[in-house]
Amino acid sequence: MILSYKWLQDYTEIDAAPRAYAEAMSMSGSKVEGWENLADEIKNVVVGKVLSIEKHPDADKLVVCQVEVGGAEPIQICTGATNLYPGAVVPVALHDSYLPGGVHIKKGKLRGQVSNGMMCSFAELGLTEHDCPDQDADGIMILKDGSYTVGEDIVTALELDDLAVEFEITSNRPDCLSMIGLARESAATFRKPLRLPDPRVEHESGDIGNYLKVDVETENCLRYAAKVVKNVKIGPSPKWMRDRLRVCGIRPISNIVDITNYVLLEYGSPMHAFDYQQVKNGHIIVRQARPGETLETLDGVVRHLDETMMVIADEQGPSVVAGVMGGEKSGIADDTTTIIFESACFAGPSVRRTSKKLGLRTESSSRYEKGLDPETCISALLRACQLVEQLGAGEVVGGVIDCYPAPKAPTVLHLDADYTNRFLGTEIPKEDMVKYLESLEFEVRADDSIVVPSFRADVAHKADVAEEIARLYGYDKIPSTLAQTADEAELTREQKFARTIRQQLVGMGLYEIITYTFISPKYYDNIRLPADSRLRDSVTIRNPLGEDTSVMRTTALPSMLDILSKNYANRNLSCRLFELATVYEKAGDDQLPNEPEHLTLGMYGDCDFYTIKGVCQGLLDGLKVPGCRFIPCADHPTFHPGRCAEIELDGKIVGVIGEVYPEVAASYGIKPRTYIAELDIASLLAGAVETVTYKPLPKFPASTRDLALVCDEEVLVGDITESIQHSAGKLLEKVEFFDIYRGKQLPEGKKSVAFKIVLRSENETLTDKHADDIVAKILKNLAPLGVSLRA
Amino acid sequence: MKDKLLQIKEQAIAQIAAARDDLDEIKVRYLGKKGELTAILKQMGGLSAEERPQIGQLANQVRADIAEAIAKKAEQMKAEALKNQLEAERVDVTIPGKLPQQGGLHPMTQVLDDLTEIFLGMGFSVAEGPEVELDYYNFEALNLPPDHPARDTQDTFYITDNILLRTQTSPVQVRTMEKQKPPIKVIAPGRVYRSDAVDATHSPVFHQIEGLVVDKGITMADLKGTLEVFTKKLYGADSVVRFRPHHFPFTEPSAEMDTQCYACHGAGCRLCKGEGWIELLGCGMVHPWVLQNCGIDPEVYSGFAFGIGLERVAMRRYGIGDMRLFYENDQRFLSQF
């Protein structure tokens, strides 16, 4: 909403400078977004009078004018304009003058002739053809009507000095989408009296009953008021009205349209002017649309209506989508002679639904859907007729039609000063509270009951009253205290666990990423999920921005691959990333999905399978999650069948890790071998040791044995390790794989695997024999696996 | 004999001074069992009774002097050897160090962790709630019935008629109040969704931190005080804030909190669009109807709530002008924080 500062003075007297005004209004609840004044951009431009016009000696298309500008001598100005004549009164930008858009005019020479400035068109003054309907768009602006003084500043002469203040009005205050609403707020903020208009029509003739009949057949129409104007003379509206509309950002069109817009701005009440000839039998019916009805709206689009939409119709059919947009034919035309002014109040939710359904949002619909005040309808209607009379735009017919089936009783609340002060933490005297409320037109009665004005539907509770008091008292005057309440807090185990995961991975050289949680269903193809994979059953967004962001991910691997791919495309030669990623597991149809947190790891460049596995194991160690097993997995579609493991913890698969399947990497455009993993965080937490108990440091020395074993290529190091652990029992302190060898010194298909075994007893020094016996047992139990000591 | 001793001493001292690798040999030569001094002393038998103690004393003195000279020299040589070794081991300290593999937290996590620390220190626990949420929690329980005009300002992704992607972290307020009786003091950080097309300042996914305090006797002054302390901890003790009336359907009174522009200190500049202030968060007293919806008696309890946009705080802290960078996750970007 843009406010004209000059217009504001009709209702109250505010003389604050722009910034002070803006700040005070913002602090009392009407947020000012900015302000501008055309006058600030125009400097040193005056009213001039053309004395003579001569042909330019050296240019066919130029003329040389002598122009009187209020100084002792006339000045010479060259121009290409063709609409000048001796005696024409024009705006003249003198030497060293400024025009809107930062244009700086200086004297100079045109084809050898001195030119001491520039005569201006309306566009050069920042105006449009709508602001100046009687002007030639291609020529110099000619100031008619004889009331101008030569030499007068053009800003004063054309009354351009008006401040346009732009407000951001919150959705609960549709009353402030009007000059009167903002004037009320301004007056209350600056503690000034408010003068509200009381529109009256002086002369009326005839009886509306002979012209018009209105039937309201739907409860979505809260009030429908109308007046008729005959002998309408369509023409431009006067300059003062055009000026005000211009400053408020509305394009002047013609007197009747301008009047409806003027009243819209003044009262915040949308008005519609019908051509009476287009209303069949002078009978207006406000009703819900019938299935199959269509209407071509003003924007030339044929709208398909249904019974949820309210229309203004005549006996032939709908002519307006109520509160949204008029029909192509119902509007006034140049030959219109009789008009109907409609001032109605339609129910917000109905207008909102219709506007959404039609995909048509207008100035009118955006106001109605916030809930307007039916009490304003008549004042606005009378104001329009008063303006018609004032502008000589027609003759107002006597009487008014007012269908107002169910006027609402005003909301009555109670002024509880103690509650208010307790709630706000203030000590505002009750008299001040009353004063603040009254300045906003709340009626405070002797018994402390408060009658809420009809235009303030947002005030329905004593907390709302407290806000009115607080904002006029000043939020800045409310003291600052600290609540006496709970002051101890700590993170939950889950939250601390997530932090530890992050710290561990950062310590191991990975960067954390944060990705979008919705993906394209095609991403499941990218990671080769089979058509019947349950992971394809995603929570689907009904109105996504695009297919790429249309389903909630069930796995975070595509997100990780996507980011790895972007990094690769950006020529990052190596990359190591992780994400704590929420995934969304569909539950029942009308149930919320589960939202487990997964951990994904991803890397390429300077790494291999054992790098990512190392990170994973390091993490598990750091998280104190013992007992994870890595089980070869050859059938995960996303992974290299020979380089993939499922991670098992307590008999349950908690994750997967491995090299990305070549086709998958290719679909992401990543050339180097790429490694990813995905683990379920809750499962890790379940397996984590909560409290570590200290184990005494050893008192007796350890016996260490290195074993070089030979076996078939297929035998897994993990199986050998488990066998050793099993055989050595309690005395085994550590079994450590440290080398693998394949080559000429071994038969084909065989490999040599080396382990360091550390044995220790808590109670004694192990004898060599004891250690040797254990090794013998280890070897004996390895034999069935086809593992033997290397000769 | 006396001259002989003195001569030995002089000779030994000279040799010790000139010694290089032969200090041990010198020691043996003079002080060893077959050394020169021993040889002399063996001749003591031929001396008179008067001479013997004198010469004995002198011999002992010479022995002691030589031993001391040798010890000193040994120490000096050791020191010199160490010095030479260290000299030889000199490295160019300006050559870059061998870095361990570098990693780092996402800048948004760093900012969130900082904010969480501040609030934990002020006694706020951390609450959580689902991102795929019921309409009831996201809108209705927060005074946003169907067809409420404020719903339009939060363009919503819908899953079904009743299920949506939460547009704000405020539903966690409702869930917390349903689960827990006052006193309540929580923050709820999390991802939220609005169907905004991606550009430098908009993302369909972004993060908020919700705050909620409910107890007996909580006032708007407490809201101001708490958020002022928070801002001073975040931006320094000299930061200035103002509270400006605003509207949120689920708080009443509602406010936006601005911080004085750090670039112009309130004078007005391009960064703050001439206002001198930059909006930081929205807040207000929990609407009594919201308390009531959650089964908390608004005649007994009151509370305040606030919501902070995490991206905005992070962008301001690091001078990041484009929100998209947070979600592109280029390692060259991530490695800067």
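Two residues are taken to be in contact when their C-beta atoms, placed from the backbone, lie within 7 Å. On that criterion, 69 residues of chain B are in contact with 77 residues of chain A in this predicted model. On the side of chain B that touches chain A, helix α8 (residues 220-235) of chain B gives the most, with 8 residues, and the class composition of that side is 33 nonpolar, 22 polar and 14 charged residues.

**Confidence and domains of chain A**

The mean pLDDT of chain A is 93, with 100% of its residues at 70 or more. Among the elements of chain A, the lowest mean pLDDT, 88, belongs to strand β8 (residues 108-110) of chain A, and the highest, 98, to strand β28 (residues 511-512) of chain A.

The domain assignment divides chain A into domain 1 (2-38 + 165-189), domain 2 (43-157), domain 3 (204-403), domain 4 (412-477), domain 5 (493-687) and domain 6 (703-789). For domain 1 of chain A and domain 3 of chain A, the C-alpha centres lie 27 Å apart, and the contact between these two domains takes 11 residues from domain 1 of chain A and 13 residues from domain 3 of chain A. On the side of domain 1 of chain A that touches domain 3 of chain A, the elements that give two or more residues are β1 (2-4) and α5 (179-189) of chain A, and the largest share, 3 residues, comes from α5(A). By class, that side of domain 1 of chain A has 6 nonpolar, 4 polar and 1 charged residues.

**Chain B**

Chain B contains 12 helices and 9 strands, and its domain assignment gives domain 1 (2-88) and domain 2 (107-334). The centres of domain 1 of chain B and domain 2 of chain B, taken over C-alpha atoms, are separated by 88 Å. The overall dimensions can be read alongside that separation: the C-alpha trace of chain B spans about 130 × 45 × 45 Å along its principal axes, and its radius of gyration is 42 Å, whereas a compact globule of 337 residues would have a value near 20 Å. Of the 337 residues of chain B, 42% count as buried, and among the contacts in chain B with a separation of 6 or more, 65% are accounted for by residues 24 or more positions apart.

**Strand pairing in chain A**

Several antiparallel pairs of strands in chain A are set out below, each with its number of bridges and, for one position, the residues that stand opposite each other.

| Strand pair | Bridges | Opposed residues |
|---|---|---|
| β26(A) and β27(A) | 2 bridges | A:Val444 and A:Ile450 |
| β33(A) and β34(A) | 4 bridges | A:Ile631 and A:Glu646 |
| β34(A) and β35(A) | 7 bridges | A:Glu646 and A:Val656 |
| β15(A) and β22(A) | 5 bridges | A:His272 and A:Glu342 |

The pair of β26(A) and β27(A) belongs to an open antiparallel sheet of 3 strands in the order β25-β27-β26 (chain A), in which β25 (412-414) and β26 (443-444) of chain A are the edge strands, each pairing on one side only.

A:Glu646 in β34(A) stands opposite A:Ile631 and is also the bridge partner of A:Val656 in β35(A). The hairpin of β33(A) and β34(A) has 6 residues between its strands, while that of β34(A) and β35(A) has 2 residues between the strands, with A:Asp650 taking a positive phi near 50 degrees.

In a regular strand the side chains alternate between the two faces of the sheet. Strand β15 (residues 271-275) of chain A is mostly covered, with 5 of its 5 residues buried; A:Met271, A:Ala273 and A:Asp275 lie on one side, and A:His272 and A:Phe274 on the other.

**An exposed loop position in chain A**

Is A:Glu547 buried or exposed? A:Glu547 is exposed because 11 other C-beta atoms lie within 10 Å, and a residue counts as exposed at 12 or fewer. A:Glu547 sits in the loop between α15 (522-526) and β30 (551-552) of chain A. From A:Glu547 to A:Lys522 the distance is 8.7 Å, C-alpha to C-alpha, with the two 25 residues apart in sequence.

Key
Residues are numbered from 1 along each chain as its sequence is written. Chains are lettered from A and ligands numbered from 1 in the order in which they are written. This is a predicted model: local features need pLDDT of at least 70, side-chain atom pairs count only at pLDDT 80 or more; totals for chains, interfaces and linings use all residues. Ala, Val, Leu, Ile, Met, Phe, Trp, Tyr, Cys and Pro count as nonpolar, Asp, Glu, Lys and Arg as charged, and the others, Gly among them, as polar. Domain bounds come from an automatic or database domain assignment. pLDDT is the predictor's confidence in each residue, from 0 to 100. The radius of gyration is taken over C-alpha atoms; the globule rule is 2.2 Å times the number of residues to the power 0.38. A residue is buried if 20 or more other C-beta atoms lie within 10 Å of its own, exposed if 12 or fewer, and partly exposed in between; C-beta atoms are placed from the backbone. Two strands pair if DSSP finds at least two bridges between them.
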